[in-house]
Amino acid sequence: MITEAIDFRYLLIDNYKRLGLNENELAVIFVVDFLIDQGNPFITADYLSLKMSLDVKEIDKILASLLKKDLIEYVSQGKKTVTTLNPLKNKLYKEFQLSFDLEQNSKEDKNDRLGNIYSQFEELLQRNLTPVEFSKIREWISFGYSDEMLINACKEAVNRGKKSLRSIDKILLQWMARDDVETDGMTPIRKDWNKNLEETIRIAKTPWIKDDK
C-alpha cells in the first residue's frame with residue numbers, strides 16, 4: 001500500500017489537532033516512538049520522565065489519555081508486555097488513504113470534464129486542438145468559466161465565422177463585461193482602456209501641494 005511508504009510522523013504533525021491532541025500529547029507520542037525505535041519495548045511514565053521535562057504525574061495522565069483515545073496500546077507478547085503506537089498509525093494511514101482516494105477521484109472527474117470540453121471544441125471547430133489550445137481551455141476553467149459558458153462561447157464564435165480560441169476569448173470577455181454591468185452597473189473591462197493613458201500620466205505627475213518658494 002502507498003501508506004506504507006509514508007512516515008506517520010509527517011501525518012501526525014499534519015493531523016494531530018484534528019485528532020484532538022495537544023502539544024504535550026504530541027511530544028509524548030514522539031518520544032515513545034523514538035524509544036521504541038531504539039529497542040525499548042515497554043514504555044512507562046517513569047522512563048519517559050527521564051527524557052522529558054514533564055513530570056511523571058503529567059506524563060502518566062497523558063498516557064492514560066492516549067489509551068482512552070485508542071492511540072496507544074500495551075499488548076502481551078509471550079511473557080512480555082510491549083508498547084505500540086499501532087492504533088495511532090492505523091488511524092493516520094486510513095485517513096491518508098481516504099484523502100488520497102478522494103483526490104484521485106477528483107482528478108478523474110476533472111479529466112473527464114476536460115475531455116468532454118476538448119471533444120466538443122474539436123467537433124465545433126472541426127479540427128484537432130493544439131497543446132497551446134488545451135492549455136488555454138484549462139486556464140479558462142481555472143478562471144471559473146462553466147462548461148456551458150465555454151461551449152456556448154465556442155458556438156458563438158463559429159456562428160460568427162471565427163474558429164480561433166482568441167475569438168472565443170474575446171466573446172468570454174464580452175460576456176463577463178455584460179454580466180458585470182448587469183450585476184454591479186459597471187465593469188472593470190474597458191474598450192477604451194488606453195485612450196486616456198497620457199492624461200492619466202499627466203495627472204499622476206501633477207503636484208498635490210504647490211511649492212511656496
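So, helices and strands: the protein chain in this predicted model has 9 helices and 2 strands. If you walk along from the N terminus, the elements go α-α-α-α-β-β-α-α-α-α-α. The chain has 213 residues, and 28% of them count as buried. The protein chain exposes about 15,200 Å², with carbon and sulfur atoms supplying 52% of that. And take the contacts between residues at least 6 apart in sequence: 50% of them join residues at least 24 apart.

Okay, the two strands. How do β1 and β2 pair? They run antiparallel, over 5 bridges, and β2 covers residues 80–84. Together β1 and β2 make a hairpin with 2 residues between them. Have a look at glycine 78 in that turn, where phi is positive, about 70 degrees. Also find glutamine 77, which stands opposite lysine 80 in β2.

While we're on phi, here's a bit of background. Most residues other than glycine have a negative phi. Now which residues here go the other way without being glycine? Aspartate 70 is one of them, with a positive phi of about 60 degrees. You'll find aspartate 70 in the loop between α4 and β1, and it is partly exposed, at a relative accessible area of 43%. Glutamine 126 is another, since its phi is positive too, near 60 degrees. That glutamine 126 sits in the loop between α5 and α6. Is glutamine 126 buried or exposed? It's exposed, because its relative accessible area is 65% and the cut-off for exposed is over 50%.

Next up, the inside. The largest nonpolar core has 25 residues, and the ones with the most contacts inside it are Leu12, Val28, Leu48 and Leu66. Which elements give two or more residues to this core? They are α1 (8–15), α2, α3, α4 (56–68) and α5. The largest share comes from α2, which puts in 6 residues. Let's zoom in on valine 28. If you leave aside its neighbours within four places in sequence, valine 28 is in contact with Leu48, Met52, Leu54, Ile62, Leu63 and Leu66. There's also a second, separate core of 20 residues, and its members include Ile117, Leu129, Ile151 and Ala153.

Now for the rings. How many aromatic pairs does the structure hold? It holds 3, and I'll show you two. One is phenylalanine 42 with tyrosine 74, an edge-to-face pair with 5.7 Å centre to centre and 65 degrees between the planes. This pair links distant parts of the chain: phenylalanine 42 is in the loop between α2 (23–37) and α3 (45–49), while tyrosine 74 is in strand β1 (residues 73–77), 32 residues apart. Both rings belong to partly exposed residues: phenylalanine 42 has a relative accessible area of 41%, and tyrosine 74 has 30%.

The other pair is phenylalanine 121 with tryptophan 140. Their ring centres are 6.2 Å apart and the planes meet at 45 degrees, so this pair counts as tilted. Why does it tie together separate parts of the sequence? Because phenylalanine 121 lies in helix α5 (residues 86–125) and tryptophan 140 in helix α6 (residues 131–142), which puts them 19 residues apart in sequence. And are these two buried or exposed? Phenylalanine 121 is buried, at 0% relative accessible area, and tryptophan 140 is buried as well, at 0%.

Last topic: charges. A search of the whole structure finds 9 salt bridges. Start with arginine 9, which forms one with aspartate 7, where the closest N and O atoms are 2.8 Å apart. Arginine 9 is partly exposed at 28% relative accessibility, and aspartate 7 is partly exposed with 28% too. Arginine 9 also forms a salt bridge with aspartate 37, with the closest N and O atoms 2.9 Å apart. That one links distant parts of the chain, with arginine 9 in helix α1 and aspartate 37 in helix α2, 28 residues apart. Put Asp33 into the picture and you get a network of salt bridges linking Asp7, Arg9, Asp33 and Asp37.

One more salt bridge to look at joins arginine 113 and aspartate 147, at 2.4 Å from N to O. Here arginine 113 is in helix α5 and aspartate 147 is in helix α7 (residues 147–159), 34 residues apart. Arginine 113 is partly exposed at 29%, and aspartate 147 is partly exposed at 25%.

Note on methods
Residues are numbered from 1 along each chain as its sequence is written. This is a predicted model: local features need pLDDT of at least 70, side-chain atom pairs count only at pLDDT 80 or more; totals for chains, interfaces and linings use all residues. Side-chain values use heavy atoms; hydrogens and water are left out. Rings of Phe, Tyr and Trp (its six-membered ring) pair if their centres lie within 6.5 Å; planes under 30 degrees apart count as stacked, over 60 as edge-to-face and the rest as tilted. Helices (H or I, at least four residues) and strands (E, at least two) are DSSP runs, numbered from the N terminus. Buried means under 20% relative accessible area, exposed over 50%, partly exposed in between (1.4 Å probe, protein chains only). A nonpolar core is a set of buried Ala, Val, Leu, Ile, Met, Phe, Trp, Tyr and Cys residues joined through side-chain atoms within 4.5 Å. Contact means heavy atoms within 4.5 Å. Accessible areas come from the Shrake-Rupley method with a 1.4 Å probe; for residues, only the protein chains shown count as cover. Two strands pair if DSSP finds at least two bridges between them. A salt bridge is a side-chain nitrogen of Lys or Arg within 4 Å of a carboxyl oxygen of Asp or Glu.
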